[in-house]
Each structure stands twice: as structure tokens, then as C-alpha cells.
Amino acid sequence: MQTEKRLSTEIDANVPTAARMYDHYLGGKDNYAADRAACEELDKVVPSTRRLAVNNRRFLQRVVKTLAAEHGIRQFLDHGSGLPTQNNVHQIAQGIAPESRVVYVDNDPMVLVHGRALLEQNERTAVIHADMRDTDGIFSHPETQRLIDFSQPVAVLFNSVFHCIPDSETDGPPAVVRRVAERLVPGSFLVMCQLVSEDEKVREFVTGFMDQVTQGHWGRVRQEKDVAEWFEGMEILEPGLVEVSTWRPDSEVAPRQLTQEWIEFGGVGRLG
């Protein structure tokens, strides 16, 4: 049973958020001194984080392009979408097929403000304020109902977000994946990746650090085997579950993850 998620609508500039830290790593301007300071501390132990964030964003863009161009997907539900940047999901999908519809979901009130301002003139795209674990609330939201036809295939995105939620039998990543998959028709896709490390010390440091600086808005850094479990029963698109900079790179000279203290790991699964 899902627990009710109470969301704050206040923006606290003194408490870092994962969305604003990610924005800083991507070179954005929608972040505060507290977010930048947290990134500096994180970089002391995991210095590859900026490159990892950039590669993760490029992975998302390649995935959306692939699903829209090669698989005919015209509906995208993006959980934990983060602050708007360049080449967002709706821009890529609608650039291939203008009729594509996109719903962004985030619990950060700053994402809601900036996202809605960006999308005021785009009737096929919406931003809703919700916790990614609140599957019932997200799927029944008026904007979701307006834009997404669940009798047709949908691409549901959990791109670099599951490390933001803790393990729980009812609300951990496996439970969220099951709830979402139950609502989708065959031919739908789940895109999932998260921060992983096979180094126990790295997992413990980052998990503890991020939990502290975000005041509990964090889950944990996991291992590759944990991510693989989320895809059970799905057909995994080639090249499988991988470090995301190696997922169908645009060219042989595309940026790669250079260090391995932690990586973004995942892929794309199709429901049969």
C-alpha cells in the first residue's frame, strides 16, 4: 500500500537538493551556494561526478531519440525530471514527432516553477508536483490523464533518480517499478539507471553525505546487481545493462566515464 507523500512548496536555499546539485554539474544557473558547496565536498571523494552527470544527461537524450525514432513511442512519463536544461525530453521527442506528449514529475518546488514557466506555450507537455513513489497520484493526476493514453505504449523514465529514495518493501525501487509496470500495456518501456559502486567505502560515504546534506531526501548508492533486479521479466534492449556512456554512443569519440569509483548504471526494458 502506498503511503501518502506530503510535499513542501517552499524553496529552501540553505538545504541542497539533488535536482539543484545536478543542475550545477550540468552548468545550469538554477542552484544556490549550498548546492555548489555540497558538490565541492562530494567531488573530494568522487571527482568524476560532473562527467557522470553530463554522460547521464546524454544517455537520456539518446534513449528518448531511440524510443521515438525507432520504436514509435509518442508518450513519455519522466519521473524525477529535474530542472529544465537544453535538449529536454519534450524537445527531443517533439523534434522527431510533434504530436509526442510528455509529463514531467518532480518533488522539488523549484522544478515546478521553472518547468511550468518554460512550458506555458506547449500544450502537449506538463509538469506535475509529486513524489515519484506516489504512482496512484501521478497516474490519476489531471495533467497525466489529459496527455497520456495508457491504452497505448508509454515510455516511463526513472533516469538517475532511484538513488534518491531509500529501500522499503512498499516504496523502494522494486515496489515502484512493479506498480508502474502493472499499469502499462505491452510494448511500453521502462528506462532506469542509478548511481552504483562496487566499492563499499564509496557507497557508504556518498550515501551518508547526501542523506545529511539533503536532510533525509536521499536513498542510497547501490550495486549493479540491485539495478538488474528491477528489470526482471522485461526484454532489455541492446547493449543491455551498462555504464550509461556506453549505451549506443553517438560516435566512437563520444565522452566516456573515465574513472570508476562510482558510475551511472542501467538501461532500457520493454514490457511483453
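This section describes helix packing, internal cavities and backbone exceptions in a predicted model.

Two packed helices are described by the angle between their axes and the distance between the axes. Three helix pairs are treated in this way below.

The first pair joins α1 and α2. Helix α1 spans residues 18-25, and its axis lies 9 Å from that of α2. The packing angle is about 75°. Because angles of 65 to 115 degrees count as roughly perpendicular, α1 is roughly perpendicular to α2. From α1, the contact draws on Arg-20, Met-21, His-24 and Tyr-25. From α2, it draws on Asp-35, Arg-36, Ala-38, Cys-39, Leu-42 and Asp-43. By class, these residues divide into 5 nonpolar, 1 polar and 4 charged.

Helix α2 (residues 33-45) also packs with helix α9 (residues 200-213). Here the axes are 11 Å apart and the angle is about 170°. This value is over 145 degrees, so the two helices count as roughly antiparallel. On the α2 side, the contact residues are Ala-38, Glu-41, Leu-42 and Val-45. They meet Phe-205, Val-206, Phe-209, Met-210 and Val-213 in α9. The contact has 8 nonpolar residues, 1 charged residue and no polar ones. Ala-38 and Leu-42 of α2 appear in the contact with α1 and again in the contact with α9.

The remaining pair is α3 (residues 49-71) with α4 (residues 89-96). Their axes come within 9 Å and cross at roughly 30°. The angle is under 35 degrees, and therefore α3 is roughly parallel to α4. The crossing is right-handed. In α3, the residues in contact are Leu-60, Gln-61, Val-64, Lys-65, Ala-68 and Ala-69. Their partners in α4 are Val-89, Ile-92, Ala-93 and Ile-96. This contact comprises 8 nonpolar residues, 1 polar and 1 charged.

Cavities were examined next. The model holds 2 cavities of 30 Å³ or more. The largest encloses about 120 Å³ of space. Its lining is made by 15 residues. Ser-81, Gly-82, Pro-84, Asn-88 and Tyr-104 lie nearest the centre of this cavity. Helices α4 and α5 (109-118) are the elements that give two or more residues to the lining. Helix α5 gives the most, with 3 residues. The lining of the largest cavity divides into 8 nonpolar, 5 polar and 2 charged residues. Helix α4 thus has a part in this lining, as well as in the contact with α3.

The backbone was considered last. Most residues other than glycine have a negative phi, and most peptide bonds are trans. Two sites depart from these patterns. Gln-215 is not a glycine, yet its phi is positive, at about 55°. Gln-215 sits in the loop between α9 and α10 (224-230). The other site is the peptide bond between Glu-238 and Pro-239, which is cis, with omega about 10°. Pro-239 belongs to the loop between β6 (235-236) and β7 (242-243).

Conventions: Residues numbered from 1 in each chain as written. Predicted model: local features only at pLDDT ≥ 70, side-chain atom pairs only at ≥ 80, totals over all residues. Heavy atoms only, no water. Axes fitted to C-alpha atoms, helices over the stretch in contact; angles between N-to-C directions. Helix = DSSP H or I, 4+ residues; strand = E, 2+ residues; numbered from the N terminus. Left-handed = near helix turned anticlockwise from the far one by under 90°. Contact = heavy atoms within 4.5 Å. Nonpolar A, V, L, I, M, F, W, Y, C, P; charged D, E, K, R; others polar. 1 Å grid on protein atoms, 1.4 Å probe; cavity = no way out; pocket = protein on both sides within 12 Å on 5 of 7 lines; lining within 4 Å. Points joined across faces, edges and corners; volume = space filled by probe spheres on them.
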